[in-house]
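Here are my notes for you to read with the model open beside them. Take the points one at a time and find each residue as you go.

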Amino acid sequence: MGGTTGDTADALSIADRGFASRLLLGTAGYPNQQMMLDALAAAEPALVTVAIRRISLEPYAESLVDLVGGRYSLLPNTAGCATVRDAVLTAHLAREALGTSWIKLELIGDRETLYPDVEQLLRATEELVKDGFTVLPYCNDDPVTCRKLADLGAAAVMPLGSPIGTGLGIINPYAIERICTTSPVPVILDAGIGTASDAAQAMELGCDGVLLNTAVAKAHDPRRMARAMRLAVAAGREARLAGRIPKRSQAEPSSPQLGLVGG
Amino acid sequence: MSARIRINGRDEPLQSATVSDLLASRGIVGNRGVAVAVNGVVVPAGAWRERALAAGDEIEIVKPFGGG
């Protein structure tokens, strides 16, 4: 996995688990199931997110769990929940449905922007941590909120790059970098990724991982974009570890200044 | 009026004695990844057979779907 030497030593660590990949991929919105499976295979994700929804009362064909459950570690979410009560119940149902106490906690405060409801997010995080969950909250790109979530026992924080599904990339790189510098728990950039350079940028800013869905699912070629995202996350991580040069306002020649022909 | 229960947000007549009976009547027994809550509390699969349903119960039957 990953392709370059040193990846094993540089594993992503969340709570008590290590992951060879730093990419988390969603399962919604692919043109069809085969394209989703191809994208997952190309992405080699650490975790694969799923939603928990009311079962339709019509007869149902193939279960998502049967499809991907054996090959990937699933991370259920509470997407769409707008109250602490609904999010907590969804987390408990997810634990029963999938046998995992890991939960991507989403508490939506506004249907237009899908921005998190911070006050409820903090309460739900506290409650689920007490119930024994490993909580990964989707949150604002706000260092204070991220610190409070970590203080309450969140296993990682997942600040948004930009609103869910917009593909606008990281609209506040300063805040993301600040969160990465100060967070005592891993930082997973969640939401807003549009293309590979956005994912690389997240890693360069210091994020420990990237969670995305729409950028791959709605790409013209999801399998190819999934591979691009895997490479971008790995490249961004390498660049971060390598240490970029400082930015300068003046040009500085990289070739020697002496011995010029005709000089 | 006959006794009613609420299943996934819809009022329905109470026709099943237990959670197990209810799932069987919907043809969703044996599906992996199905979870059930009654009145806001998860009923583990191992207890579906014993968990009796009563008038006014609110039942959630869920499973994983594609999500981000």
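1. Start with a trio: Asp10(A), Arg22(A) and Arg237(A) are tied together in a network of salt bridges. Keep in mind that you're looking at a predicted model. One member of the trio, Arg237(A), is among the buried residues of helix α9 of chain A, so let's go to that helix next.

2. Does the length of α9(A) add up, and what should its 21 residues span? The helix runs over residues 222-242 of chain A, and at 1.5 Å a residue the expected span is 30 Å. The span is worked out as 1.5 Å times one less than the number of residues. The C-alpha atoms at the two ends are 30 Å apart, which agrees.

3. Which residues of α9(A) are buried? They are Pro222(A), Met225(A), Ala226(A), Met229(A), Arg230(A), Ala232(A), Val233(A), Gly236(A) and Arg237(A). Look down the axis of α9(A) and these buried residues fall within an arc of 165°, so they line one face of the helix. Arg224(A) and Ala242(A), on the other side, are exposed. As for what covers the buried residues of α9(A), the list includes β3 (23-26), α1 (33-43), α7 (196-204), β10 (209-212) and α8 (214-217) of chain A. Just past the end of α9(A), check Gly243(A), which has a positive phi of about 85°.

4. Now try the same exercise on helix α6 of chain A, residues 173-182. Its buried residues include Ala175(A), Ile176(A), Ile179(A) and Cys180(A). Around the axis they cover an arc of only 135°, which puts them on the same side of α6(A). On the other side you'll find Tyr174(A) and Thr181(A) exposed. The cover over the buried residues of α6(A) includes α5 (143-151), β8 (158-159) and β9 (188-190) of chain A.

5. Back to salt bridges: how many does the structure hold over all chains? The count is 13. One of them pairs the side chains of Arg54(A) and Glu60(B), at 2.8 Å from N to O. Arg54(A) sits in strand β4 (residues 47-54) of chain A and Glu60(B) in strand β5 (residues 58-66) of chain B, so this pair joins two chains. Both ends are partly exposed: Arg54(A) has a relative accessible area of 41%, and Glu60(B) has 22%.

6. While you're in strand β4 of chain A, have a look at Ala51(A), which lies there too. Is Ala51(A) buried or exposed? It's buried, with a relative accessible area of 3%. Leaving out residues up to four places away in sequence, Ala51(A) touches Asn77(A), Lys63(B), Pro64(B), Phe65(B), Gly66(B) and Gly67(B). By contrast, the C-alpha atoms of Ala51(A) and Glu177(A) are separated by 29 Å, and the two residues are 126 apart along the chain.

7. For a salt bridge inside a helix, go to Glu119(A) and Arg123(A), whose side chains meet at 3.0 Å, N to O. Both lie in helix α4 (residues 118-130) of chain A, 4 residues apart, or about one turn of the helix. Arg123(A) is partly exposed, with a relative accessible area of 42%.

8. Over in chain B, find Glu12(B) in strand β2 (residues 10-13). Glu12(B) forms a salt bridge with Arg10(B), and the closest N and O atoms are 4.0 Å apart. How does Glu12(B) come to count as buried? Its relative accessibility is 10%, and buried means under 20%. Arg10(B), on the other hand, is exposed at 53%. The side chain of Glu12(B) also makes a polar contact with the side chain of Arg26(B), at 2.6 Å.

9. Last, the aromatics: the count is 1 aromatic pair over all chains. The partners are Phe19(A) and Trp102(A), arranged edge-to-face, with 6.0 Å centre to centre and 80° between the planes. The pair links distant parts of the chain: Phe19(A) is in strand β2 (residues 17-19) of chain A and Trp102(A) in strand β6 (residues 102-105) of chain A, 83 residues apart. Both Phe19(A) and Trp102(A) are buried.

Conventions
Residues are numbered from 1 along each chain as its sequence is written. Chains are lettered from A and ligands numbered from 1 in the order in which they are written. This is a predicted model: local features need pLDDT of at least 70, side-chain atom pairs count only at pLDDT 80 or more; totals for chains, interfaces and linings use all residues. Side-chain values use heavy atoms; hydrogens and water are left out. Buried means under 20% relative accessible area, exposed over 50%, partly exposed in between (1.4 Å probe, protein chains only). The arc is that of the directions from the helix axis to the C-beta atoms. Contact means heavy atoms within 4.5 Å. A polar contact is a pair of N or O atoms within 3.5 Å; within protein, one must be able to donate a hydrogen and the other to accept it, and residues adjacent in sequence count only if both atoms are side-chain atoms. Rings of Phe, Tyr and Trp (its six-membered ring) pair if their centres lie within 6.5 Å; planes under 30 degrees apart count as stacked, over 60 as edge-to-face and the rest as tilted.
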